[in-house]
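Open your viewer and have the selection tool ready. We will go from stop to stop, picking residues as we go.

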Amino acid sequence: MPKLPTRLQRFRSGSPLSFRLLAWILLFSSAFTLIASAIQIYSDYRKDLSQIDSRIAVVESGYASSLARSLWALDQKLLQTQMEGILSLPDIVHLRLGIEPDSELVMGDIPRGSDTKSHKFDLLHEGEGAFKLGELTVTANLDRVYEDLKVKVGIILATQFLKTFFVSILIIWVFQHFVTRHLTAMANYAKDISLKNLGTPLTLDRPDTPSHHRDEIGRVTDAINQMRERLNDDMVRQERDAAEIHKFSMAIEQSPSSVVICDRQWRVEFANHKFTQLTGYNAKAIVGQHPGALSDNTMEIRENRQLWQSIRLQVQRVGVWQGEVNSARRNGERFWEQLIVTPIKDSAGEATGYLILGEDISIRKRYEQQLLRQANYDILTGLPNRMLALDRLKLALAQARREGTMVGVMFLDLDNFKHINDTLGHDAGDNLLIEAARRISSCLRGTSTVARLGGDEFLVILPGLNGSESAAQVAERILSNFTPAYTLNGQEVFVTTSIGIAIFPTDSDNSGTLLQHADAAMYQAKRQGKSSFAHFTPEMSEVSHERLQMESRMRRALEQNEFELYFQPIVETTTGEVRAVEALLRWNNPVMGMVMPDRFIPLAEETGLIIAIGEWVLEQACLAAIEWKAIAGRDIGISVNVSPRQFRDPGFINAVMRALTNNDLAPQLLELEITERLLLDNSIETAEILRELDRAGIRLSVDDFGTGYSALSYLKSYPFDTLKIDRTFINDVTKSQGGASLVCAIINMAHSLGLTIIAEGVEEESQTHFLKQEGCDLSQGYFYSRPLPAGEFIEWLKANHRTPT
């Protein structure tokens with residue numbers, strides 16, 4: 001059996017808390033035992049002393065009178081006997097009897113070194129008066145008391161110690177069984193707990209009773225298990241959050257846009273890989289720097305300071321900044337960047353940092369610049385187009401009003417251009433227009449403007465003139481420059497021009513009338529024999545008379561069925577299958593012959609006749625589409641051009657819906673072609689008409705995209721379905737890389753906006769291959785069919801697209 005110290009040592013090493021509890025129990029119980037024992041011993045001691053005092057008192061009360069009589073009678077023997085009787089009493093060891101006057105009698109011995117207790121009392125003879133006979137001194141020995149005290153101390157201490165020790169051991173065992181071992185299990189569980197074993201709950205070796213659940217150990221156990229469950233839930237959330245954070249981190253790192261995160265002092269904290277690719281700056285090297293001060297170029301930093309100051313102010317005021325910035329890469333190369341700057345806010349809504357998203361838009365900017373140039377310049381000749389020319393004319397007139405000078409306006413039309421174009425082909429016609437533009441430009445000074453209005457018509461603006469003679473001199477130089485022959489397809493061709501001149505302010509004080517007068521003068525020059533110029537004069541009544549005649553005949557043309565529709569198919573580029581047909585208006589007058597729309601449509605718009613003509617076109621076009629369905633066995637859409645004056649008529653929408661209802665044609669089979677010039681209005685009425693047509697299910701198309709104003713913003717603002725690329729672009733796709741790139745840009749842009757693309761003027765097979773490769777949806781042009789009258793088109797449809805069997 002192990003010794004007790006060994007057990008205690010094991011107990012101490014196994015349960016320090018139990019050992020400390022045992023030590024404190026022993027300490028306090030021992031102290032309590034000592035105090036209690038001391039009180040008891042002292043009480044017994046005082047009791048023994050009281051017994052001795054009682055014996056002495058008995059001696060005094062019991063022997064005083066008898067001793068006094070024996071002494072009075074001088075009976076020594078009796079006196080001795082009485083004293084021996086006193087000495088026989090317990091603890092009485094010495095008697096001394098003092099006899100008056102000076103004798104004494106002593107009996108017994110006082111042990112050397114012993115504690116004694118003495119008591120004196122007088123012996124008196126009581127008679128007629130009290131007479132002192134002597135004095136007796138009684139001495140008691142205290143050794144017995146001390147011996148008894150020692151024995152009692154030993155017995156009490158031993159008994160109390162053993163009782164205290166065994167009670168303490170019992171208490172510790174009970175504490176160990178009911179408390180300490182469970183605490184040890186809890187400690188071991190807490191020590192071994194980890195993220196891997198959070199699923200294992202803490203269990204104790206004790207009955208699962210309600211009372212145990214309510215006690216402290218039960219509550220601690222429940223608290224630990226609840227903590228384990230919370231940790232487990234937190235771990236699951238953390239793992240889920242970590243996965244989300246990792247996913248978002250990878251998304252940011254692999255984002256196609258550059259991402260920069262700054263702190264609230266606009267110091268870079270993070271930059272993704274795309275930022276490094278885009279700018280050339282190392283993502284870690286720029287940490288702590290301001291995003292506008294990355295360059296080593298002091299000039300660039302100074303230029304960026306003002307930009308980032310405005311960005312910071314707008315982000316604080318509005319909450320976001322977005323714009324296009326001409327940034328610089330680390331190697332100094334400039335590029336266009338689309339930036340979006342937003343604050344990163346905490347739960348309280350306070351900005352803790354800033355997020356900067358960047359995207360390289362250099363290619364898009366180049367395309368936009370190309371399209372912007374196309375919006376203002378003629379693609380073929382590089383000259384300003386009608387829109388830019390009108391703007392410059394208005395500026396020239398405003399300047400002339402301030403300075404009191406004159407402005408010359410010249411209309412130029414190439415003589416016999418149509419004949420050359422039809423004879424030698426469109427390529428030769430385009431080369432002729434390019435050379436004509438160059439020759440006209442070479443005759444002008446720097447402040448003058450030459451513009452191509454369309455076809456073979458040019459406009460020249462001469463600002464700051466001192467007299468009409470200056471305009472005449474320019475016209476003579478132009479005519480002289482047209483004298484040399486043109487070389488077209490290896491063949492010399494002589495082409496002249498007719499010029500009409502109108503002067504501000506003598507001929508008119510507004511741009512519109514001035515252009516009309518120049519146009520009238522140009523027709524006068526043609527009537528003079530071409531290759532000449534003519535100043536506008538009020539006497540040019542013949543032109544007005546011709547216009548009046550045309551107007552009068554046009555008013556009767558609708559009643560006399562002189563208008564007719566020609567049809568040109570619109571086919572699917574990849575398969576060549578007809579999908580829709582464009583209706584083209586012609587005027588077959590008995591006197592003037594076949595009149596093309598470019599001659600009578602402007603006059604019809606001016607007079608308002610276009611409203612009635614347009615309604616007739618809609619009715620006939622819808623009727624034709626119903627006839628084609630019976631032939632082709634499927635729906636074929638019909639496309640109708642809409643003039644600006646017709647579009648703005650209050651009854652236009654009703655006329656469209658009436659034509660659909662009268663012919664029982666589905667709205668989605670009708671497509672209305674809107675010119676870019678009409679979109680320049682940008683009025684609320686225009687937007688509402690387009691949206692109402694779209695809600696009705698009618699398709700909307702932008703006609704001749706790129707030849708006029710190329711209003712790109714309207715493609716997003718209005719609900720268009722189709723975009724038609726002008727023939728001038730299609731003609732260049734196989735001739736120049738720039739022309740092909742521009743068409744590709746238009747196709748990609750339109751597809752990104754969800755628009756269907758139609759290529760106009762497709763005349764060559766190589767053009768069809770290019771359009772197929774670039775994903776152009778539909779095509780239209782002479783390669784498939786020229787515009788045909790109704791009867792011929794039905795024959796073409798039967799021959800090329802029979803009803804499937």
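Buried here means under 20% relative accessible area, exposed means over 50%, and partly exposed is in between, with a 1.4 Å probe and protein chains only. Helices (H or I, at least four residues) and strands (E, at least two) are DSSP runs, numbered from the N terminus. This is a predicted model, in which local features need pLDDT of at least 70 and side-chain atom pairs count only at pLDDT 80 or more, while totals for chains, interfaces and linings use all residues. Residues are numbered from 1 along each chain as its sequence is written, and side-chain values use heavy atoms, with hydrogens and water left out.

**Stop 1: strand β22 and its partners**

Select residues 699-705, which make up strand β22. Five of these seven residues are buried, so the strand is largely enclosed by the rest of the structure.

Now add residues 670-675, strand β21, which pairs with β22 in the parallel sense over five bridges. Two strands count as paired if DSSP finds at least two bridges between them. To find your place, look for E671, which stands opposite R699 in β22.

Next add strand β23, residues 722-725; β22 pairs with β23 in the parallel sense too, over three bridges. Here F705 stands opposite I725 in β23.

**Stop 2: a salt bridge that reaches β23**

Keep β23 on screen and select E582 and K724. Their side chains meet in a salt bridge, 3.0 Å from N to O. E582 lies in strand β18 (residues 578-589) and K724 in strand β23, so this pair ties together parts that are 142 residues apart in sequence. The term salt bridge is used for a side-chain nitrogen of Lys or Arg within 4 Å of a carboxyl oxygen of Asp or Glu. Are these two residues buried or exposed? E582 counts as buried at 5% relative accessibility, and K724 is buried as well, at 0%.

By this rule the count comes to 28 salt bridges.

**Stop 3: salt bridges within a helix**

Move to helix α12, residues 426-441. R439 forms a salt bridge with E435, and the closest N and O atoms are 3.1 Å apart. Being four residues apart in α12, R439 and E435 are separated by about one helical turn. An α-helix has 3.6 residues a turn, so residues three or four places apart point the same way. R439 is buried at 7% relative accessibility, whereas E435 is partly exposed, at 23%.

Then select helix α15, residues 541-557, where E551 and R555 lie four residues apart, about one turn of the helix. These two also form a salt bridge, with the closest N and O atoms 2.8 Å apart. E551 is buried, with a relative accessible area of 18%, and R555 is partly exposed, at 42%.

**Stop 4: helix α9 and a network**

Select residues 362-376, helix α9: its 15 residues reach 21 Å from the first C-alpha to the last, close to the 21 Å expected at 1.5 Å a residue. That expected span is 1.5 Å times one less than the number of residues. Colour its buried residues, which are S362, K365, L371, Q374, A375 and N376. Then add E324, R364, K365 and E368, which are linked in a network of salt bridges.

**Stop 5: two helices packing**

Finish with helix α10 (residues 386-403) and helix α14 (residues 511-527), which pack at an angle of about 110 degrees with their axes 10 Å apart. Axes are lines fitted to C-alpha atoms, for helices over the stretch in contact, and angles run from 0 to 180 degrees between N-to-C directions. Angles under 35 degrees count as roughly parallel, over 145 as roughly antiparallel, 65 to 115 as roughly perpendicular and the rest as oblique; α10 and α14 are therefore roughly perpendicular to each other.
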